[in-house]
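Dear colleague,

I am handing over the structure we spoke about, and I would be glad if you could keep it open while you read the notes underneath.

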Amino acid sequence: MSTDQESWESAVQHLYEDGFAFIATGPRKHEDWRADVLAVMERAVSDPRGWAGLDHIANECSSEHPAFPFCRPSFRADPSRPLTPADVGERLHELDRASAENLLLALTDDGCTLRNLERFTESFDELQDMARTILARYGDAFTCHTNVSSIGHIGTLDFGGTPMGWTPMTFYGEDCGLVVVSDTEVGLFWAFGDI
């Protein structure tokens, strides 16, 4: 499956316009993709294709905190220290593609649940096609990583009622996300709850 700019932007806009989200893609420039993730978080790079993402929190950034709200180092570290590639690696684990599709749908609002889909008029299959359209941008050979887990299921997320947990990447009370890594691009899809 492939996608074009109009289809991709339409899917992103439709799924996330009513949520509190950060959706951005940057170029993959480093062997260690975690450095590229930080560049996207810091808004230091533009979408390599010029496609529009969403940044509902851009007005909260400052020159002192360009990565806001992604500014939470490990709990033992100085809270003013910026995130490092190692911090990113400690908080993310690889995820299978089917779980990534469902996670994209769960991220449409806070709570990281497929119950978020009740507000859409489309069927689950139609919404899942939108998630596949979003992932198609990254080709066939991409990996997915998340800070979200369901108890006992690393690599697969169970949206069938098991409570979700997440490893914080921000100071928000809830932050759940998906990172998609291809040979040429790194995409971030993040939803936030209350502080």
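What follows concerns one strand, its partners and a pocket.

Please bear in mind that this is a predicted model. The strand I looked at is β1, which covers residues 21-27 and is mostly covered, since 7 of its 7 residues are buried.

Strand β1 is paired with two other strands. With β8, made up of residues 185-192, β1 runs antiparallel and is joined by 7 bridges; within that pairing, Pro 27 of β1 has Glu 185 as its bridge partner in β8. With β2, which consists of residues 54-55, β1 is again antiparallel, and here 2 bridges make the connection, with Leu 54 in β2 serving as the bridge partner of Ile 23.

Ile 23 also appears in the second largest pocket, where it is listed together with Ala 24, Thr 25, Val 45 and Asp 47 as lying nearest the centre, out of 15 residues that form the lining. The elements that contribute two or more residues to this lining are β1 and β2, and β1 gives the most, with 4 residues. In its chemical character the lining divides into 9 nonpolar, 3 polar and 3 charged residues, and the space inside the second largest pocket comes to about 190 Å³.

When you go through the model, you may therefore like to begin at Ile 23, which pairs with Leu 54 in β2 and is listed among the residues nearest the centre of the second largest pocket.

With best wishes

Technical notes
Residues numbered from 1 in each chain as written. Predicted model: local features only at pLDDT ≥ 70, side-chain atom pairs only at ≥ 80, totals over all residues. Heavy atoms only, no water. Buried < 20%, exposed > 50% of the residue type's maximum accessible area, 1.4 Å probe, protein only. Pairing = 2+ DSSP bridges. 1 Å grid on protein atoms, 1.4 Å probe; cavity = no way out; pocket = protein on both sides within 12 Å on 5 of 7 lines; lining within 4 Å. Points joined across faces, edges and corners; volume = space filled by probe spheres on them. Nonpolar A, V, L, I, M, F, W, Y, C, P; charged D, E, K, R; others polar.
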